[in-house]
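User: Hi! I'm new to reading protein structures and would like to go through one with you. Could you take my questions one at a time?

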Amino acid sequence: MTRDIKSETAKTKARLRADEVKDFRCKNLIAVIENPTDIRNIGTVIRNVNAMGVEKLYIVDTFNALPENWQDMREQKTLAKSSVSAIKWTFAKRFSSTEECLSHLEKNGFTSIATSPHVKDKKSLYLHEGDYTSPHKLAVWFGNESQGISDLAVSRSSMCVAIPMFGMIESLNLGTSSGIVLYEVTKQRRAYQSKYRKKNKGGAREIPLPTELPLKEV
């Protein structure tokens, strides 16, 4: 009986939290990770996506390391553990190739941007210089741990975005880089959603929506 009460209490808290954060989710924003090789990194990105309020995660998985559908991903113990159960609350879709994922995004009107520390024959900006509100539908691509982003993904992206680095090492791991980039992107898009109901600054709100949750006392 005690166990049942605790279970129901946990479910109630989860429902309350879901209601509390739903309006802060960044609509029409998708994070894409391309051929990640470490399941723990996938879990970390899922956790970042959920924590930052990104609407969806797409995973290009040519290695066939993941289940085909989200429901099966939610049941995978490794993903549940590495994402601290965020996979249960974060919609994820698997693609077998970069081309398949790009075609799906383009068909649905999404603009892609690629994250890369180096210029790759594209418009390149430092993260803080970019405007991430003007593409109404935006997909942010992250490359894998060893080879980075593919030339195909770059060629089909509108620009490359880099995190400024000032040390001898010019790279960050996938979990860290995705967290930094998605923080900036979601901060801008939440501020935009707070002011406007629609794209292109149409339908300005009379009363802006909040962009931050109050801090909780412990």
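User: How many bridges join β5 to strand β7?

Analyst: Happy to help, and please keep in mind that this is a predicted model. Strand β7 covers residues 160-162, and β5 runs parallel to this strand. As one example of who faces whom, leucine 125 stands opposite valine 161 in β7. The number of bridges joining β5 to β7 is 3.

User: Which strands are the edge strands of the sheet?

Analyst: Let's start with the order of the strands. The open sheet has 7 strands, arranged β3-β2-β1-β6-β4-β7-β5, with parallel pairing. From one strand to the next, the twist averages 25°. An edge strand here pairs on one side only, and the two that do so are β3 and β5.

User: In which sense do β1 and β2 pair, parallel or antiparallel?

Analyst: Alanine 31 has leucine 57 in β2 as its bridge partner, and cysteine 26 stands opposite valine 54 in β2. Between β1 and β2 there are 6 bridges, and their sense is parallel.

User: Is the crossover from β1 through α2 to β2 right-handed or left-handed?

Analyst: Here it helps to follow the chain. α2 packs on the sheet, where this helix touches β1 and β2. The direction of α2 makes about 160° with that of β2. Going from β1 through α2 to β2 gives a β-α-β crossover, and this crossover is right-handed.

User: Why is β2 largely enclosed by the rest of the structure?

Analyst: A residue is called buried when its relative accessible area is under 20%. The neighbouring β3 joins β2 through 5 bridges, with the two running parallel. β2 is largely enclosed because the number of its 7 residues that are buried is 5.

User: How many residues of β1 are buried?

Analyst: β1 also joins β6, through 5 bridges, and the two run parallel. One pair there is leucine 29 with its bridge partner leucine 138 in β6. β1 is mostly covered, and of its 9 residues the number buried is 7.

User: Which element gives the most residues to the largest nonpolar core?

Analyst: The largest nonpolar core has 33 residues, and those with the most contacts inside it include Ile33, Leu57 and Phe142. Elements giving two or more residues to this core include β1, α2, β2 and α7. With 5 residues, the one that gives the most is α2.

User: What is valine 140 in contact with, leaving aside its neighbours within four places in sequence?

Analyst: Valine 140 is among the residues with the most contacts inside the largest nonpolar core. Its contacts beyond those close sequence neighbours are Leu29, Ile30, Ala31, Val32, Ile113, Thr115, Val181 and Val185.

User: How many residues are in the other core that lies apart from it?

Analyst: Now we move to a separate group of residues. Among the members of this other core are Tyr58, Cys101, Trp141 and Ile149. The number of residues in this other core is 16.

User: Why can side chains of opposite charge pair, and how far apart are the closest N and O atoms of aspartate 61 and arginine 94?

Analyst: Such side chains can pair when their charged atoms come close. Aspartate 61 sits in the loop between β2 and α3, while arginine 94 is in strand β3, 33 residues apart along the chain. Both are buried, aspartate 61 at 2% relative accessibility and arginine 94 with a relative accessible area of 6%. The closest N and O atoms of this salt bridge are apart by 2.8 Å.

User: Is arginine 40 buried or exposed?

Analyst: Arginine 40 forms a salt bridge with aspartate 38, at 3.0 Å from N to O. A relative accessible area over 50% counts as exposed. The area for arginine 40 is 56%, so this residue is exposed.

User: In which helix do glutamate 184 and lysine 187 lie?

Analyst: These two form a salt bridge, with the closest N and O atoms 3.4 Å apart. Glutamate 184 counts as buried at 13% relative accessibility, whereas lysine 187 is partly exposed at 41%. They are 3 residues apart, about one turn of the helix, and that helix is α7.

User: Which residues do salt bridges that share partners join into one network?

Analyst: A search of the whole structure finds 6 salt bridges. Some of them share partners, and the residues joined into one network in this way are Asp61, Glu68 and Arg94.

Terms used: Residues are numbered from 1 along each chain as its sequence is written. This is a predicted model: local features need pLDDT of at least 70, side-chain atom pairs count only at pLDDT 80 or more; totals for chains, interfaces and linings use all residues. Side-chain values use heavy atoms; hydrogens and water are left out. A nonpolar core is a set of buried Ala, Val, Leu, Ile, Met, Phe, Trp, Tyr and Cys residues joined through side-chain atoms within 4.5 Å. Buried means under 20% relative accessible area, exposed over 50%, partly exposed in between (1.4 Å probe, protein chains only). Helices (H or I, at least four residues) and strands (E, at least two) are DSSP runs, numbered from the N terminus. Contact means heavy atoms within 4.5 Å. A salt bridge is a side-chain nitrogen of Lys or Arg within 4 Å of a carboxyl oxygen of Asp or Glu. Two strands pair if DSSP finds at least two bridges between them. Axes are lines fitted to C-alpha atoms, for helices over the stretch in contact, and angles run from 0 to 180 degrees between N-to-C directions. A crossover is right-handed if, with the strands pointing away from the viewer, the path from the first strand over the helix to the second runs clockwise.
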